[in-house]
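Trainee: I have a model open and would like to talk it through with you.
Mentor: Happy to help; ask away once we both have it on screen.

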Amino acid sequence: MRQRPAEMFTGLSSTRQPEVPARSLRRAIVLGGSVAGLLAARVLADHADEVVVVERDEVGEDDAGGRRGVPQQFQVHTLLPAGRAQIERWFPGFTGEAVDRGAVLSLSHQVQAWADDVAAVQAPNVVLLSESRTFLETLLRRRTLALGNVHQVNGVAEGLRYRDGRVTAVRVGGRDLSADFVVDAMGRASRLSDWLHDDGWDRPELERMRIDVNYATAYFRRAEQDPPTGAAISRFSPHYRKRTQAALTAVEDMQWMLMLTTYGADRPAPDLDDFRARCADLPGLFQDIARQEPVSEVRTYHQADARRRHFDRANRLPARLAAVGDAVASFNPVYGQGMSSAALHASCLSEYLCAGPDLDRPATGFFRSQKVVVDAAWDLSTSGDAQRTETTRPPFPVRLQRALVNQVITASTVDLRIATKFNDVAFMLAHPSTLATPSVLLRSLLVNLRHRRSRRAVPEPAAVEPVPVP
């Protein structure tokens, strides 16, 4: 009997070491040295005599300069608990090494959050690892390339070669590099779909969700080695009167990374005065950091849409081929789920290969389990985006589902038990269906009802406290 999505998600979220069979591949190739590509290479190292990471940007094992192919690399990249747990699974001791090198691990009491200007309760499962994207990739690359059978080559992948319905080589720099298995990790701009179409295979269906999200990020000097608050976020619901959201993280090199987020035509300027003026409408912590000494210019970034490629729906795909990370699905980055999703894609790849599949048939089992991970992140993130951008009234079932989810989100701000449940889903530790249980929905409704009554009874309270529910 086929497992339900929630059961599959629980299995994929496991952090136990898999039972790896004898190596069945001579050479595996990963296209792209991103977080997703490096984690895929780590998994493949258990199954192949040789793993080659093909990266178009010239970055070495200890290169801290970043990759030109990551336009959002200067924006906030906090590693959520699910992503950190999976990375720790493949690279034991990763968190400790990251902290030793300057990353900041913030526990629940060191994370502050506001939702529609209401201070949120501090749930115990809020544990965030903060660092720059370049820092994280550099550490992952060093760990991956330290494996005895993994190495990186600089070059641009130009296409695939096939024989008897399976991928046999990758065209790199005008020559064919033979392969027993290929993983696409070329990101949002992946050309794999075009290659497949041009070569007579199915082009995976592309789904887009308009988001029009804008970022502006600046780095500031940090005075304290261990600040009482290591991460903070101020977010607003789709129809709240304010529009500028913010995320703050303490990162390596004794710096603060402060990012502002807007939508649509309201684009922050790459100007420090404008940046600080926008912070004036945020909680005091963000204003205080914005007044510190800047150590970078204000860098902006715009992403027009979220997108996913439905490899699971394609009827004709070659064997010995998989895709991971943003090459499959890239979400609204506001939700911070990209790196954790990529880490769970590596878990899907490990489960698929450890099951001893027929590698001369398309990787249907891999894409089926990966769909569970993608659905979990996609459904949660696009729900809020749709409410903000849609111009027509959605069907009643959609409105009902959103109303129930919104009840849970609202209650999670003031109720510790609901906050913990919601965080498990937002942090990709649990499947979204865990929020749809009668006990969670009923408690959320009751919490919100009592909270509204308390707010009417006591106008303008000095602080928002959790509402006790039996």
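## Contacts, strands and salt bridges

Mentor: To start us off, the side chain of Glu55 reaches the backbone nitrogen of Asp57 at 2.9 Å. Keep in mind that this is a predicted model.

Trainee: Thanks! Is Glu55 buried or exposed?
Mentor: Glu55 is found in strand β2, residues 48-55. Its relative accessible area is 2%, and the cut-off for buried is under 20%. Glu55 is therefore buried.

Trainee: Let's go on to the hairpins. How many bridges join strand β9 to β10?
Mentor: Strand β9 covers residues 157-163 and runs antiparallel to β10. One facing pair is Arg161, which stands opposite Ala169 in β10. The number of bridges joining β9 to β10 is six.

Trainee: Which residue takes a positive phi in the hairpin of β9 and β10?
Mentor: That hairpin has two residues between the strands. The phi in question is near 55 degrees, and the residue is Asp164.

Trainee: And which residue in β11 is the bridge partner of Val172?
Mentor: Strand β11 covers residues 175-178, and four bridges join β10 to this antiparallel neighbour. Their hairpin has two residues between the strands, and Gly173 there takes a positive phi near 60 degrees. The partner of Val172 in β11 is Arg175.

Trainee: Why is β10 described as largely enclosed by the rest of the structure?
Mentor: Strand β10 spans residues 166-172. A residue counts as buried under 20% relative accessible area. The strand is largely enclosed because the buried share of its seven residues is five.

Trainee: Which strands does the salt bridge between Asp176 and Arg161 tie together?
Mentor: The two side chains meet at 3.5 Å, N to O. Asp176 is partly exposed at 39% relative accessible area, and Arg161 is partly exposed at 33%. The pair ties together parts that are 15 residues apart in sequence, because Asp176 lies in strand β11 and Arg161 in strand β9.

Trainee: How many salt bridges does the whole structure have?
Mentor: The pair of Asp176 and Arg161 is one salt bridge. A search of the whole structure gives a total of 29.

Trainee: How many residues apart in sequence are the parts tied together by Glu205 and Arg313?
Mentor: Glu205 forms a salt bridge with Arg313, and their closest N and O atoms are 3.0 Å apart. Glu205 lies in strand β13 (residues 205-221), while Arg313 lies in the loop between β17 (299-310) and β18 (321-323), so the parts tied together are apart in sequence by 108 residues.

Trainee: Are Arg308 and Asp375 buried or exposed?
Mentor: Their side chains meet in a salt bridge at 2.9 Å, N to O. The pair links distant parts of the chain, with Arg308 in strand β17 and Asp375 in helix α10 (residues 364-389), 67 residues apart. Arg308 has 5% relative accessibility and counts as buried. Asp375, at 18%, also counts as buried.

Trainee: Which residues do salt bridges with shared partners join into one network?
Mentor: Here the salt bridges share partners, and one network results. Its members are Asp117, Arg241, Lys242 and Asp281.

Trainee: Back to backbone angles. What is the phi of Asp253?
Mentor: Most residues other than glycine have a negative phi. Asp253 lies in the loop between β15 (245-251) and β16 (255-263), and is exposed at 58% relative accessible area. Its phi is positive, near 65 degrees.

Trainee: Where is Asp116 placed?
Mentor: Asp116 is not a glycine, yet has a positive phi of about 50 degrees. With a relative accessible area of 23%, Asp116 is partly exposed. Its place is in the loop between β5 and β6 (118-119).

Trainee: What accessible area do Val99, Leu105 and Leu107 have together?
Mentor: These residues form a nonpolar patch on the surface. Leu107 lies in the loop between β4 (104-106) and β5 (111-115) and is partly exposed at 38% relative accessibility. Together the three have an accessible area of about 200 Å².

Trainee: Last one: how far is the nearest cysteine sulfur from that of Cys348, and whose is it?
Mentor: The structure holds zero disulfides. Cys348 is in no disulfide, and a disulfide would need the sulfur atoms within 2.5 Å. The nearest cysteine sulfur is 12 Å away and belongs to Cys354.

Definitions and conventions. Residues numbered from 1 in each chain as written. Predicted model: local features only at pLDDT ≥ 70, side-chain atom pairs only at ≥ 80, totals over all residues. Heavy atoms only, no water. Patch = residues over 30% accessible without salt bridge, like charges linked within 9 Å, V, L, I, M, F, W, Y side chains within 5 Å. Areas by Shrake-Rupley, 256 points an atom, 1.4 Å probe, with all protein chains shown as cover. Salt bridge = Lys/Arg side-chain N within 4 Å of Asp/Glu carboxyl O. Buried < 20%, exposed > 50% of the residue type's maximum accessible area, 1.4 Å probe, protein only. Polar contact = N/O pair within 3.5 Å; in protein donor to acceptor, adjacent residues only side chain to side chain. Pairing = 2+ DSSP bridges.
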